[in-house]
Amino acid sequence: MKQLTSYNRVAGYLNKVFDLLNQEFFEGALSRPTITIQSTPKAYGHFSLREDTWISKLGGTHEINIGAGTLSRPIEDVAATLLHEMVHYYNHENGVQDCSRGNTYHNQNFKASAEAHGLTVTRSEKYGWSRTAPSDSLLEIVLKYDLQDIEINRNEATGFQITGTGTHSGTITGGLAPKKSSSRKYVCPCCGMSVRATKVVNIACLDCNEPLLLVG
């Protein structure tokens with residue numbers, strides 16, 4: 001697969017990951033929303049409750065956004081963010097109220113649904129059961145489909161200026177440092193066959209009789 005180093009390619013890839021997670025964790029019950037990549041200060045992503053957030057001659061869709069400054073995290077963490085927003089989507093479609101306090105405080109309904117759909121959940125004092133991370137089942141999906149890390153990220157750690165209609169200038173902050181990946185990639189030095197593992201392993205290619213090399 002080509003490296004995920006362009007915005008357009010990443011946008012398409014996130015739709016592919018949505019479809020995989022939808023099939024694996026929701027039995028394909030969710031219609032595809034409009035997936036966007038925008039800055040989300042102090043958040044990894046969001047889900048829009050309005051089904052006409054995006055409209056075209058074919059109708060309206062909800063929006064799931066992934067924070068532009070958080071794309072270059074390990075793919076299992078990006079997938080967990082997407083899955084987090086998909087849980088909100090699923091709950092909304094099924095009439096489950098999973099947030100309060102202006103849709104910021106994640107309640108026990110969210111916790112239960114998130115844990116049933118591939119996430120581990122811990123509590124934040126301010127935002128409730130909002131902290132999610134990939135469960136073993138999600139990591140298995142990442143390995144099963146050999147999902148690739150995204151290698152482009154909006155630079156939000158340094159100031160920049162924007163010109164155009166109106167005045168838009170100033171310092172943008174909140175860029176997040178990449179986290180250590182929960183999975184590792186091994187490649188055969190002869191044939192290029194690759195596998196991923198969630199821990200350090202000694203593994204060999206039986207076709208080439210060569211040990212696999214850890215590359216990331």
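Four helices and 16 strands make up the secondary structure of this chain. Please keep in mind that the model is predicted. The chain has 216 residues, and 39% of them are buried. Six salt bridges are counted here, and three of the pairs below are worth a look in your viewer.

**The chain as a whole**

- Among contacts with a separation of 6 or more, 50% are between residues 24 or more positions apart.
- The exposed surface of the chain comes to about 12,500 Å². Carbon and sulfur atoms supply 50% of that area.

**Arginine 32 with aspartate 19**

- Side chains of opposite charge can pair when their charged atoms come close.
- One such pair is arginine 32 and aspartate 19, whose side chains form a salt bridge with an N to O distance of 2.4 Å.
- Aspartate 19 sits in helix H1 (7-26), while arginine 32 belongs to the loop between that helix and strand S1 (34-38). The two residues are 13 apart, and the pair links distant parts of the chain.
- Is each partner buried or exposed? Arginine 32 has a relative accessibility of 44%, so this residue counts as partly exposed. Aspartate 19 is also partly exposed, because its relative accessible area is 32%.

**Lysine 144 with glutamate 24**

- Helix H1 takes part in another salt bridge through glutamate 24, whose partner is lysine 144. The closest N and O atoms of this pair are 3.0 Å apart.
- Which parts of the chain does this pair tie together? Lysine 144 is in helix H4 (residues 136-144) and glutamate 24 is in helix H1, so the salt bridge joins parts that lie 120 residues apart in sequence.
- Lysine 144 counts as exposed because its relative accessibility is 56%, and the cut-off for exposed is over 50%.
- Glutamate 24, at 29% relative accessibility, counts as partly exposed.

**Glutamate 156 with arginine 154**

- The side chains of glutamate 156 and arginine 154 also meet in a salt bridge, with 3.9 Å from N to O. That distance fits the rule, which asks for a side-chain nitrogen within 4 Å of a carboxyl oxygen.
- Glutamate 156 has a relative accessible area of 8%. Buried means under 20%, so glutamate 156 is buried.
- Arginine 154, in turn, is partly exposed, with a relative accessible area of 34%.

Methods. Residues are numbered from 1 along each chain as its sequence is written. This is a predicted model: local features need pLDDT of at least 70, side-chain atom pairs count only at pLDDT 80 or more; totals for chains, interfaces and linings use all residues. Side-chain values use heavy atoms; hydrogens and water are left out. Buried means under 20% relative accessible area, exposed over 50%, partly exposed in between (1.4 Å probe, protein chains only). Contact means heavy atoms within 4.5 Å. Accessible areas come from the Shrake-Rupley method with a 1.4 Å probe; for residues, only the protein chains shown count as cover.
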